[in-house]
Amino acid sequence: MLQQWESVDKKIRKNVLKSGVFTKKPTEYSTCNVLVENINVMGISEDVLKEKYHTNILNNEGEKVLVIGEASAEIDRKVERAIEMMNIFEKSLITITMPSQSEVKNEYVPVKFEITLIKCERHKPIWEWSPEEKYNIALKYKEIGVELFKSSRFVDAFHKFSRSCKILITLEPMSELELDKQSESNINNLRLTLYNNMARCQLNQKNFEHTVTLCTKVLNKDKNNVKALYRRGIAYGSMKDNEKAVADLKAALTLEPNNHTVKEQFHFYNTRLQEATQKCNDMVRKMFKS
């Protein structure tokens with residue numbers, strides 16, 4: 001039996017302290033009862049761990065019930081990943097490497113704790129989920145993501161939207177599923193919402209190229225999506241592509257002429273475009289004069 005496991009990125013390590021009963025491992029949406037003991041965080045207190053890293057699993061010691069896939073924080077997602085490699089009744093020492101919350105770059109904090117997988121109500125593998133079940137779980141993840149975004153936890157929100165989207169992708173190609181029109185419409189609309197929400201997260205994190213990619217996915221399906229046009233326009237503008245920014249924002253303003261936010265940004269980037277064009281024209285005139 002494997003006594004040690006390490007994630008590919010080496011950020012999660014599991015050392016078996018007591019072997020369990022060999023079973024199929026926990027899967028997405030499995031309900032697990034775990035016992036968390038001996039939490040040890042180098043250099044910070046448990047209160048800081050809870051406040052800065054937003055953990056719900058390591059907020060205190062004792063028995064916990066969790067559902068694989070519902071973790072909202074990075075540290076808890078890593079805990080789930082370790083649990084997915086455990087057998088029933090197994091007790092292991094888990095070491096998770098987390099980025100430090102200090103301003104020092106490339107500084108990491110090791111978080112160690114012991115965990116026992118007491119019980120697992122294993123959910124069926126995702127390829128056995130019905131389309132309705134996939135939609136409902138994806139919708140639940142999306143709603144969790146929205147709440148995380150409202151709390152300004154943009155990275156965690158992105159991960160939740162992304163996980164939701166990955167579930168919906170397993171429904172492709174939908175033409176083979178023989179869904180009714182309403183179900184197909186619900187799934188397509190949810191996916192576009194997720195792409196838009198992920199784009200908003202990326203825009204907040206100033207990841208402009210990713211923002212453009214996600215918005216383009218929306219606009220390939222819905223060319224009149226104002227949110228996608230607006231966000232892609234802002235991303236283009238932030239990358240100094242004023243021409244594309246103005247084109248997207250103008251299209252959004254045509255669709256919603258009373259949208260003051262779009263109007264304000266359109267005027268801002270249109271002014272920048274006109275100034276750049278004038279500067280270029282002036283340079284050309286000077287060249288010909290000389």
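In strand S6, the residue that serves as bridge partner of proline 99 is tyrosine 108, and I start there, in what is a predicted model, with the pairing of S5 and S6. Those two strands run antiparallel and are joined by nine bridges. On the S2 side, six bridges join S5 to S2, again in an antiparallel arrangement, and there the partner of asparagine 15 is leucine 93, which belongs to S5. Moving one strand further, S2, which covers residues 12-18, is linked to S1 by three bridges, and these strands too run antiparallel; tryptophan 5 has lysine 14 of S2 as its bridge partner.

Now the sheet as a whole. It is an open sheet of six strands, in the order S1-S2-S5-S6-S3-S4, with antiparallel pairing. Strand S1, residues 4-6, and strand S4, residues 62-67, stand at the edges with a single partner strand each, so one side of each has no neighbour in the sheet. On average, and with direction ignored, neighbouring strands of this sheet are turned by 30 degrees against each other.

Two helices that pack on the sheet come next. Helix H1, residues 46-53, packs on the sheet and touches strand S3 (31-41), strand S5 (91-99) and strand S6 (108-121), while its direction makes about 125 degrees with that of S3. Helix H2, residues 74-83, also packs on the sheet, but in its case the strands touched are S1, S2, S3, S4, S5 and S6, and the angle between its direction and that of S5 is about 150 degrees.

Before leaving the sheet, I would point to asparagine 38, which lies in strand S3. As a general matter, most residues other than glycine have a negative phi, and most peptide bonds are trans. Asparagine 38, however, has a positive phi, near 50 degrees, and with a relative accessibility of 46% this residue counts as partly exposed. Another positive phi, near 65 degrees, is found at lysine 206, whose place is in the loop between H5 and helix H6 (208-221); at 60% relative accessibility, lysine 206 counts as exposed. On the peptide-bond side, glutamate 172 and proline 173 are joined by a cis bond, with omega at about -10 degrees, and proline 173 sits in the loop between H4 and H5.

Let me turn to the aromatic side chains, where the structure holds three pairs. In the pair made by tyrosine 29 and tyrosine 141, the ring centres are 6.5 Å apart and the planes stand at 55 degrees, so this pair is classed as tilted. What parts of the chain does this pair tie together? Tyrosine 29 lies in the loop between S2 and S3, whereas tyrosine 141 lies in helix H3, residues 131-150, so the pair ties together parts that are 112 residues apart in sequence. Both tyrosine 29 and tyrosine 141 are buried. Phenylalanine 268 and tyrosine 269 form an edge-to-face pair, with 4.9 Å from centre to centre and 80 degrees between the planes. Are the two members of that pair buried or exposed? Phenylalanine 268 is partly exposed, at a relative accessible area of 41%, while tyrosine 269 is buried, at 6%.

Tyrosine 141 has a further contact to mention, since lysine 160 lies over the face of its ring, at 4.9 Å from the ring centre. Lysine 160 is also one of the buried residues of helix H4, among them Phe154, Asp156, Phe161, Cys165 and Leu168. Those buried residues of H4 pack against H2, H3 and helix H5, residues 181-204. As for its dimensions, H4 covers residues 154-169, has 16 residues, and reaches 22 Å from its first C-alpha to its last, close to the 22 Å expected at 1.5 Å a residue.

I finish with helices H8 and H9. Helix H8, residues 242-255, has 14 residues and a reach of 20 Å between its first and last C-alpha, close to the 20 Å expected at 1.5 Å a residue. Its buried residues include Asn242, Val246, Asp248, Leu249 and Leu253. Glutamate 264 is found in helix H9, residues 260-289, and is exposed, with a relative accessible area of 55%. Between the C-alpha atoms of glutamate 264 and leucine 249, which are 15 residues apart along the chain, the separation is 9.7 Å.

Methods:
Residues are numbered from 1 along each chain as its sequence is written. This is a predicted model: local features need pLDDT of at least 70, side-chain atom pairs count only at pLDDT 80 or more; totals for chains, interfaces and linings use all residues. Side-chain values use heavy atoms; hydrogens and water are left out. Two strands pair if DSSP finds at least two bridges between them. Helices (H or I, at least four residues) and strands (E, at least two) are DSSP runs, numbered from the N terminus. Axes are lines fitted to C-alpha atoms, for helices over the stretch in contact, and angles run from 0 to 180 degrees between N-to-C directions. Contact means heavy atoms within 4.5 Å. Rings of Phe, Tyr and Trp (its six-membered ring) pair if their centres lie within 6.5 Å; planes under 30 degrees apart count as stacked, over 60 as edge-to-face and the rest as tilted. Buried means under 20% relative accessible area, exposed over 50%, partly exposed in between (1.4 Å probe, protein chains only). A charge sits over a ring if NZ of Lys or CZ of Arg is within 6 Å of the ring centre and within 35 degrees of the ring normal. The expected span of a helix is 1.5 Å times one less than its number of residues.
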